[in-house]
Amino acid sequence: MRRFSSKQLGNIAHPLYDVFINHRKIDTGPTFVPLLYHHLISKGITPFLDTIHMKPGNKLFHHIDKAIHSSKVGVAILSPRYCDSYFCLHELSLFIESNKRIVPIFYDIKPSHLQVQGNACYPPQLLQKFSAALHETKYTVGLTFDSLNGDWLELLRQTSNAVILNLLEVEDEEENHIKQP
């Protein structure tokens with residue numbers, strides 16, 4: 001049996017990012033997302049945010065897919081125009097395919113209103129994949145927020161607590177998996 005050095009095991013246990021923030025910039029980018037990003041950093045959590053970590057010249061899908069695969073948890077901020085974005089749906093479906101934990105935030109939208117737009121020009125297989133990812137996310141316990149009447153600080157607190165709890169659970173699962181022969 002092959003033995004791994006502690007350095008190699010350390011690389012396995014520590015992904016590039018703790019959490020990937022999935023959002024529709026037009027709905028949440030100028031308001032909640034930057035606050036969440038900096039709040040998570042203040043808690044010692046390493047988040048991935050496309051507008052900060054992507055640079056001109058990066059291969060879009062390669063960079064995004066690598067960040068999702070190397071994250072332990074995803075925060076999906078589902079908003080009114082979320083389903084209009086191919087990229088949001090691609091990222092969400094990749095979370096699901098990768099069996100990543102997702103903390104959904106239903107931001108100014110009810111889960112029942114989330115659906116891939118009927119006029120979307122996606123091939124049937126892709127439409128099915130996106131719809132399945134949305135369906136699974138709708139039935140995942142999440143947070144709801146009304147941006148007109150909600151308490152922003154409370155949303156930040158609830159989101160960071162949910163991320164921390166999920167990160168701890170993922171680490172416990174990984175530790176138990178490593179201990180089992």
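Which residues in helix 3 (residues 32-42) are buried? Keep that question in mind as you open the viewer. What you have on screen is a predicted model.

**Stop 1: helix 3**

Select helix 3, residues 32-42, and show its side chains. The answer to the opening question is Phe-32, Val-33, Leu-36, Tyr-37 and Leu-40. Around the axis they cover an arc of only 130°, so they sit on the same side of helix 3. Color these five residues and look along the axis to see that arc.

Now turn to the face of helix 3 that points away from the buried side. There you will find His-38 and Ser-42, which are exposed. Just beyond, pick Gly-44, which follows helix 3. The phi of Gly-44 is positive, near 85°.

**Stop 2: the whole chain**

Zoom out and switch to a cartoon view. The chain holds eight helices and five strands. If you trace the elements from the N terminus on, you will meet them in the order α-β-α-α-β-α-α-β-α-β-α-β-α. The chain has 181 residues, and 39% of them count as buried.

**Stop 3: the sheet**

Hide the helices for a moment. The five strands form an open sheet with the order 2-1-3-4-5, and the pairing is parallel. Which strands are at the edges? They are strand 2 and strand 5 (143-145), each of which pairs on one side only.

Start with strand 1, residues 17-23. Seven of its seven residues are buried, so this strand is mostly covered. Strand 1 has these two partners to look at:

- Strand 2 (residues 47-48) runs parallel to strand 1, and two bridges join them. Select Val-19 and Pro-47 to see one pair of bridge partners, with Pro-47 in strand 2.
- Strand 3 also pairs with strand 1 in the parallel sense, over six bridges. Here, select Tyr-17 and find Ser-71 of strand 3 opposite.

Next, step across to strand 4, residues 101-107. Six of its seven residues are buried, and strand 4 is mostly covered. Strand 3 and strand 4 run parallel and are joined by six bridges. Two pairs are worth selecting here. Val-75 stands opposite Val-103 in strand 4, and Ile-77 has Ile-105 of strand 4 as its bridge partner.

While the side chains of the strands are on display, keep a general pattern in mind: in a regular strand, side chains alternate between the two faces of the sheet.

**Stop 4: a buried lysine**

Stay with strand 3 (residues 71-78) and select Lys-72. Is Lys-72 buried or exposed? Its relative accessible area is 8%, and the cut-off for buried is under 20%, so Lys-72 counts as buried. Now add Glu-171 to the selection. The side chains of Lys-72 and Glu-171 make a polar contact, at 3.2 Å.

**Stop 5: helix 8 and the start of strand 4**

Move to helix 8, residues 152-179, and pick Glu-169. Glu-169 is partly exposed, at 33% relative accessibility. Use the distance tool between the C-alpha atoms of Glu-169 and Arg-101: they are separated by 9.8 Å, although the two residues are 68 apart along the chain.

**Stop 6: two loops with positive phi**

Most residues other than glycine have a negative phi. The next two selections have a positive one.

First, select Asn-99 in the loop between helix 6 (86-97) and strand 4. The phi of Asn-99 is near 55°, and Asn-99 is exposed, at 69% relative accessibility.

Then go to the loop between strand 4 and helix 7 (124-138), where you will find Asp-108. The phi of Asp-108 is near 60°. With a relative accessibility of 34%, Asp-108 counts as partly exposed.

**Stop 7: a nonpolar patch**

For the last stop, turn on the surface. Which residues make the nonpolar surface patch of about 250 Å²? Select Leu-60, Phe-61 and Phe-87 to color that patch. Among them, Phe-61 belongs to helix 5 (residues 60-69). Phe-61 has a relative accessible area of 35%, so it is partly exposed.

Note on methods: Residues are numbered from 1 along each chain as its sequence is written. This is a predicted model: local features need pLDDT of at least 70, side-chain atom pairs count only at pLDDT 80 or more; totals for chains, interfaces and linings use all residues. Side-chain values use heavy atoms; hydrogens and water are left out. Patches are made of residues with over 30% relative accessible area and no salt bridge: like charges are joined within 9 Å, nonpolar side chains (Val, Leu, Ile, Met, Phe, Trp, Tyr) within 5 Å. Accessible areas come from the Shrake-Rupley method with a 1.4 Å probe; for residues, only the protein chains shown count as cover. A salt bridge is a side-chain nitrogen of Lys or Arg within 4 Å of a carboxyl oxygen of Asp or Glu. Helices (H or I, at least four residues) and strands (E, at least two) are DSSP runs, numbered from the N terminus. Buried means under 20% relative accessible area, exposed over 50%, partly exposed in between (1.4 Å probe, protein chains only). The arc is that of the directions from the helix axis to the C-beta atoms. A polar contact is a pair of N or O atoms within 3.5 Å; within protein, one must be able to donate a hydrogen and the other to accept it, and residues adjacent in sequence count only if both atoms are side-chain atoms. Two strands pair if DSSP finds at least two bridges between them.
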